[in-house]
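Reader: Could you take me through one part of this model up close? I'd like to know what faces inward, what faces outward, and how the charged side chains pair up.

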Amino acid sequence: MVGVIFLFNLPSLIILFEYYRENKDTKVVIKPNELIISKKGKTKEYTISEVETSVYHLGKYYQNRIDNASRWKMMNSDLGYWDLKFKNGDRYFLTNLVIDFLHEEPIVENTKYRFRMFQTIKESDTKEAVELKRIQEKNLTEKFVEKYQDKTEHELQEILSNQKKYQPEAVKAAKIVLQNNNAV
C-alpha cells in the first residue's frame, strides 16, 4: 500500500523538489508598481513597466476558468510557476512556493496562461500562452433584479412587507425594481 501511495504522489514530489531547487535562495517583495527579487544574495528592483512577458504556468484543472470543462483537481493542481521576463533580459521562474499567485488577480497586466498536466519548469517552452478572460459573475441581488423585472408592483410590495420571509438580496432587488419602475 505504501508503494502505491508513493507512486501516486511521485509526480507531485518531483515537481515540489524541482520548485525547491529553483527557488530555495529566492525572495520576492511586491509593492505597488514595483517588484524586488533577491536570488542567491543579489537583489534587483524592477518596475512593472519593465516586464516584457509574464506567463503563469498552471495545472490543467485551472483551464476550467476558460472552457468550463469540469476537470478534476489532482494532487499537483495547486503547483505552478510564474515565468517572468524583463526587458533587460533578466528572467525568473518564480514558483508558488515563493509567491502565491494561483487564486489572485494577475500581478502584471497582460499576464498570459499555460495549462499542463504536470507543470515542470521549461526554460525553452515555445508553445503560445493564452489570455485568461475572467467572466464577472452577477451577484445575487443582480440576479433577483433580472428575475423581478416581470413582477407587478403589488407582488414587489408583498416582498417588501414580508421581508423576513425573503433573502436580504431579494428585498434589496425588489426595492431597486420598484424605484426603477417609479422613475419611468
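**Helix α4 and the salt bridges**

Author: Let's start with helix α4, residues 153–161, where Leu156, Ile159 and Leu160 are buried. Those three span an arc of only 100° around the axis, so they sit on the same side of α4. That fits the usual geometry: an α-helix has 3.6 residues a turn, so residues three or four places apart point the same way. Flip to the face of α4 turned away from that buried side and you find the exposed residues His154 and Ser161. Keep in mind that this is a predicted model.

Now for the charged pairs. Searching the whole structure turns up three salt bridges. In one of them, the side chains of Glu22 and Lys39 meet at 3.2 Å, N to O. Glu22 belongs to helix α1 (residues 2–23) and Lys39 to strand β2 (residues 34–39), so this pair ties together parts 17 residues apart in sequence. Glu22 is partly exposed, at 21% relative accessible area, and Lys39 is partly exposed too, at 24%.

Another salt bridge joins the side chains of Lys44 and Asp90, 3.1 Å from N to O. This pair links distant parts of the chain, 46 residues apart: Lys44 is in strand β3 (residues 42–47), while Asp90 is in the loop between β5 (81–86) and β6 (91–95). Lys44 counts as partly exposed at 37%, whereas Asp90, at 17%, counts as buried.

That leaves Asp83 and Arg91, whose side chains meet at 2.6 Å, N to O. Here Asp83 is buried, with a relative accessible area of 8%, and Arg91 is partly exposed at 35%.

Note on methods. Residues numbered from 1 in each chain as written. Predicted model: local features only at pLDDT ≥ 70, side-chain atom pairs only at ≥ 80, totals over all residues. Heavy atoms only, no water. Buried < 20%, exposed > 50% of the residue type's maximum accessible area, 1.4 Å probe, protein only. Helix = DSSP H or I, 4+ residues; strand = E, 2+ residues; numbered from the N terminus. Arc of directions from axis to C-beta. Salt bridge = Lys/Arg side-chain N within 4 Å of Asp/Glu carboxyl O.
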